[in-house]
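Here is a short briefing for someone meeting this structure for the first time. Please look over the sequence and the model, then read on by topic.

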Amino acid sequence: MAISVFDLFKIGIGPSSSHTVGPMRAANSFVELLAARGLLHRQPALAVHDDADAIDAAQPTLSTPALTRIEVVLYGSLAATGIGHATDRAAILGLMGHRPDTIDPSLVDGYLRELEQDRTLLIDGNYPLPFVADRDVRMVLKSLAYHPNGMTFNAYGEEGALLSATYYSVGGGFVVTAEQAASGAVDQDSTMLPFEFSTADELMALCKRHGLRISQLMMENEKAWRPEADTRAGLLKIWRTMDACVDRGLQQQGILLGGLEVKRRAFRLHTSLQATVQQNLIGSTLSAMQWVNLFALAVNEENAAGGRVVTAPTNGAAGIIPAVLRYYMRFESTAGDDDVVDFLLAAAAIGILCKKNASISGAEVGCQGEVGSACAMAAAGLAEVLGATPEQVENAAEIGLEHNLGLTCDPVGGLVQVPCIERNAIASIKAINAAQLALAGDGTHFISLDQVIRTMRDTGADMMDKYKETSLGGLAVARIAC
């Protein structure tokens, strides 16, 4: 399975990559399927004629029946936390033809208000169908066999069912069709890479054999898809999007929607930290930690509000890599674009290992797969730009992931707010500490990254479903119980 850096870092909108970005992409795919089957044709207006023969001749000959209704069925975790994660909204927007990487988040509420008023869904922005969300979007708590994040789109005509397709949102915005799941052919990209690796041991061996740093090896692999200049440009665009998300988060105030009355904190914390700059206190240890906390809070408050974010590798963990990279870029005097590219490439190498050998889906393995993977990725990226050897980078990733093992995904109210926002800040600090600990050694350590990733997989399998993005256990019910 070939995974590109741009598979892990995707521009989208909040609040969730698996529950928002993935369902929107699945809906896009279903619209494309409808078009390919000829189901998005329109009945042309008839001309006025004086004789019956002319009228008969003017009637169109249609090879497929007319589409009259679409139904969306969300299963498992998508149903349990779908409202709080805006899954229903995302699926509807995807049917309208909107895509996660191009939709303007500020226009989303307007699109949905218009649908509620008119009760008419414009499929792909053009084909009108009657649509009432309460009727045409159904939630089924039972999970489908392949993955907890399953969804089915059903298309109907006047005489019954026309087309049905099932998709799985498997984490980080990745989408798998039911056919791919059934056949085992979920490896959607068969690109031949010059340095293919599936384990950290293989990655270390390749780096040693060819005298490459992890970021260099990753860049050589990316050349299998596109020229190096295009990869660099794409990664810098990813970073600009991350950086802009931080800036937006620093400017916003108020209460996050959803009913928990969670206050945004980034604006006030930023104001406080700016005062410390004026007092020349920026070098203190506590101040340094607060800047990292600030950047993570800013991103995840934006994500919770449905803003523009980058999956890194998921939306629920979207603040960790931007927080660590922004801190390095701001306070390392020699930092530049090359560091951005190297950081993201090294981070992606670790994300690839987590996805291939465990999961980055909270609904599958808990938050250890999201925040844990992101912490490991950020630790690896930071170690890389600080000059670490491949062995030290692997060690940094291992430390970052090891100390997030067993982390449950238990969002209160099905919202990506509590504990998700603070959890990103905590994991960002962990990532920096992991890189520092690894750089203090020579890269040798007791537990390998491969062993920790396998432990994450096994721990996720043992974890009760109520702790895996269902809001049926853990902190999600502690507040209600009290």
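Helix α9 is followed by G211, whose phi is positive, near 65°. The model shown here is predicted. Its chain averages a pLDDT of 93, and 92% of the residues score at least 70. The points below start with α9 and then move through the rest of the chain.

**Helix α9 and its two sides**

- Helix α9 spans residues 200–210.
- Its buried residues are A200, L203, M204, L206 and C207.
- These buried residues lie on the same side of α9, because they cover an arc of only 160° around the axis.
- On the other side of α9, D201, K208 and R209 are exposed.
- Several helices help to cover the buried residues of α9, including α10 (214–222) and α15 (337–357).
- The cover also includes α18 (390–402) and α20 (449–462).

**Confidence**

- One stretch calls for caution: pLDDT stays under 50 over residues 43–62.
- For residues 43–62, the model has ten contacts beyond four places in sequence.

**Domains**

- The domain assignment of the chain gives domain 1 and domain 2.
- Domain 1 is made of two segments, 20–38 and 67–183.
- Domain 2 covers 193–467.
- The centres of domain 1 and domain 2, taken over C-alpha atoms, are separated by 30 Å.
- Their contact takes 18 residues from domain 1 and 18 residues from domain 2.

**Aromatic pairs**

- The structure holds six aromatic pairs.
- F30 and F153 form an aromatic pair, with 5.3 Å centre to centre.
- The angle between the planes of F30 and F153 is 20°. The pair counts as stacked because planes under 30 degrees apart are classed that way.
- This pair links distant parts of the chain, 123 residues apart.
- F30 belongs to helix α2 (residues 17–36), while F153 belongs to strand β6 (residues 150–157).
- F30 is buried, with a relative accessible area of 0%.
- F153 is also buried, at 0% relative accessibility.
- Elsewhere, W291, F295, Y327 and F331 form one aromatic cluster.

**Charges over rings**

- W291 has a further partner: the charged end of R330 sits over its ring, 4.1 Å from the centre.
- The charged end of K355 sits over the ring of F174, 4.1 Å from its centre.

**Cis peptide bonds**

- A cis peptide bond joins G14 and P15, with omega about 10°.
- P15 is placed in the loop between β1 (10–13) and α2.
- The peptide bond from V418 to P419 is cis as well, with omega near 5°.
- P419 is found in the loop between α18 and α19.

**Positive phi outside glycine**

- A86 has a positive phi of about 60°, although it is not a glycine.
- A86 lies in the loop between α4 (76–80) and α5 (87–96).
- A86 is buried, with a relative accessible area of 13%.
- R119 is a residue other than glycine, and its phi is positive, near 55°.
- R119 lies in the loop between α6 (108–118) and β3 (120–123).

**Two buried loop residues**

- Where does S448 lie? S448 is in the loop between α19 (420–439) and α20.
- S448 has a relative accessible area of 19%. S448 therefore counts as buried, since the cut-off is under 20%.
- Leaving aside neighbours within four places in sequence, S448 is in contact with E394 and E398.
- G414 lies in the loop between α18 and α19.
- G414 is buried, with a relative accessible area of 2%.
- Which residues is G414 in contact with, leaving aside its neighbours within four places in sequence? They are T81, G84, H85 and S471.
- G414 and I13 are 401 residues apart along the chain, and 17 Å separate their C-alpha atoms.

Terms used. Residues are numbered from 1 along each chain as its sequence is written. This is a predicted model: local features need pLDDT of at least 70, side-chain atom pairs count only at pLDDT 80 or more; totals for chains, interfaces and linings use all residues. Side-chain values use heavy atoms; hydrogens and water are left out. Rings of Phe, Tyr and Trp (its six-membered ring) pair if their centres lie within 6.5 Å; planes under 30 degrees apart count as stacked, over 60 as edge-to-face and the rest as tilted. Helices (H or I, at least four residues) and strands (E, at least two) are DSSP runs, numbered from the N terminus. Buried means under 20% relative accessible area, exposed over 50%, partly exposed in between (1.4 Å probe, protein chains only). A charge sits over a ring if NZ of Lys or CZ of Arg is within 6 Å of the ring centre and within 35 degrees of the ring normal. The arc is that of the directions from the helix axis to the C-beta atoms. Contact means heavy atoms within 4.5 Å. pLDDT is the predictor's confidence in each residue, from 0 to 100. Domain bounds come from an automatic or database domain assignment.
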